[in-house]
Structures are given as C-alpha cells and as structure tokens.
Amino acid sequence: MNIKTIYKESGITISDAGKIIILLNVNEWSRPGKPYTTEEVISEKDFLIAYDESNEIVGFLRLKKVQWYQWELYNLVINKQYRRKGIAQSLIKVAKKYASTHKGGILQVTIDPENMSSINLFSKMGWKYSISFIHPAYKKPYGVWNISV
C-alpha cells in the first residue's frame with residue numbers, strides 16, 4: 001500500500017469533504033448525536049489526509065495550533081478496511097513533524113477512556129497521559145495525552 005499524506009493548509013475539495021464526512025460519521029468514536037456536515041468540514045483547513053494507491057481517502061486527522069507552543073491532534077479516523085496497517089502511525093508522525101517545524105513544543109490529543117485502540121496506539125508511540133476532564137457536552141470523562149515535539 002502506498003500512502004501519501006498531504007497537509008491541506010488551503011482547505012479541501014467538496015469531494016474530499018464528502019468522503020471525510022462518511023468516515024467521520026460512521027466512526028464508532030465520533031461525536032455522539034451530532035453528525036458532521038460538509039460546511040463544517042470545508043471550514044476546517046488543518047487536515048492530514050492519507051490516500052491509497054488509487055487516490056481514495058483511507059484516513060485523516062485534524063491538526064490545529066491552539067497556542068504558540070501547543071498543537072492539538074483530533075478526529076483521527078482510519079477506514080475500517082485499512083486499520084492496523086500503520087496508517088494512523090504515519091499520520092501521527094507527520095503531524096508531530098509538522099508541529100515541530102512550525103515551532104510547536106507540545107502535541108496533544110483527547111481520547112475517550114473506553115477507546116482502548118487509541119490509548120494503546122498513542123502509548124506505544126510514546127505519548128503520555130496527563131489529565132482527565134468531564135466533557136461539558138457529553139457529560140463523560142475524557143483523557144488528555146501529549147508528547148513533546
């Protein structure tokens with residue numbers, strides 16, 4: 001499998017947004033009760049997208065600078081057919097490198113504590129658990145994990 005990862009600073013196409021929405025809305029860890037929309041996805045510009053050899057989207061994540069030294073990774077989603085093939089690791093590594101080259105010091109991610117696949121992935125890649133909080137909209141705890149870049 002040939003995966004190319006592209007940072008979409010200038011935004012994404014409507015076609016790519018539609019494919020991303022499908023991945024987001026069928027993801028078992030997506031936000032509950034509020035499906036993502038085309039407008040919402042197109043308004044975001046901070047995407048890393050993984051494509052397969054036929055140029056189909058197989059995974060993506062959002063990357064956002066939240067402070068001068070801190071970047072946040074969120075909405076990491078891999079098509080179920082392509083999971084456990086190193087795509088998530090590749091996207092995370094590119095996100096880490098991107099944050100580092102843009103003067104980031106910390107990269108963080110928020111994970112549902114029931115999402116053991118994500119917890120195991122980030123732990124295996126050297127990320128450290130830092131704190132939990134109760135999400136105000138979902139009324140349940142989430143953990144914050146981070147890594148120095």
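A residue counts as buried when its relative accessible area is under 20%, as exposed when over 50%, and as partly exposed in between (1.4 Å probe, protein chains only). By that yardstick Ile 57, at 8% relative accessibility, is buried. Before going further, a word on what you're looking at: this is a predicted model, where local features need pLDDT of at least 70, side-chain atom pairs count only at pLDDT 80 or more, and totals for chains, interfaces and linings use all residues. Residues are numbered from 1 along each chain as its sequence is written, and side-chain values use heavy atoms, with hydrogens and water left out.

Let's start with the overall layout. The chain has four helices and seven strands; these are DSSP runs numbered from the N terminus, with helices being H or I of at least four residues and strands E of at least two. Walk along the sequence and you get β-α-α-β-β-β-α-β-α-β-β. Of its 149 residues, 42% count as buried. Contact here means heavy atoms within 4.5 Å, and of the contacts in the chain with a separation of 6 or more, 59% are between residues 24 or more positions apart.

Ile 57 gives a good local example. It sits in strand β3, and its C-alpha atom is separated by 7.6 Å from that of Asp 16, which is 41 residues away along the chain. Leaving aside neighbours within four places in sequence, Ile 57 is in contact with Asp 16, Lys 19, Ile 20, Leu 23, Ile 49, Ala 50 and Tyr 51. Leu 23 turns up again with Asn 79, a residue in the loop between β4 and α3. Not counting residues up to four places away in sequence, Asn 79 touches Leu 23 and Val 58, and at 19% relative accessibility Asn 79 counts as buried.

Now for helix α3, residues 87–101. With 15 residues at 1.5 Å a residue, α3 should span 21 Å, and its end C-alpha atoms are indeed 21 Å apart; the expected span is 1.5 Å times one less than the number of residues. Its buried residues are Ile 87, Ala 88, Leu 91, Ile 92, Ala 95, Tyr 98 and Ala 99. Looking down the axis, these fall within an arc of 130°, so they line one face of the helix; the arc is that of the directions from the helix axis to the C-beta atoms. Why would such a spacing work? An α-helix has 3.6 residues a turn, so residues three or four places apart point the same way. On the face turned away from the buried side you'll find the exposed residues Lys 93, Lys 97 and Thr 101. After α3 comes Lys 103, with a positive phi near 65°.

So what does the inside look like? In soluble globular proteins, nonpolar side chains tend to be buried together. A nonpolar core, as used here, is a set of buried Ala, Val, Leu, Ile, Met, Phe, Trp, Tyr and Cys residues joined through side-chain atoms within 4.5 Å. The largest one has 25 residues, among which Leu 73, Leu 107, Phe 122 and Trp 127 touch the most other members. Two or more residues each come from β2 (47–51), β3 (57–67), β4, α3, β5 (106–111), α4 (116–124) and β7 (140–148), with α3 giving the most, seven residues. Outside four places in sequence, the residues touched by Trp 127 include Leu 73, Ile 92, Leu 107, Phe 122 and Trp 145. There is also a second, separate core of 14 residues, with Ile 21, Tyr 36, Val 41 and Ile 49 among them.

Polar side chains get buried too. Gln 70, in strand β4 (residues 70–78), is buried at 10% relative accessible area. Its side chain makes polar contacts with those of Gln 67, at 2.9 Å, and Gln 108, at 2.3 Å. A polar contact is a pair of N or O atoms within 3.5 Å; within protein, one must be able to donate a hydrogen and the other to accept it, and residues adjacent in sequence count only if both atoms are side-chain atoms.

Finally, the aromatics. A search of the whole structure finds six aromatic pairs. Rings of Phe, Tyr and Trp (its six-membered ring) pair if their centres lie within 6.5 Å, with planes under 30 degrees apart counting as stacked, over 60 as edge-to-face and the rest as tilted. Trp 68 and Tyr 69 have ring centres 5.1 Å apart and planes at 70°, so they are edge-to-face. Tyr 138 and Tyr 142 form a tilted pair, at 6.4 Å and 50°. Ring pairs link both of these tyrosines with Phe 133 into a cluster.
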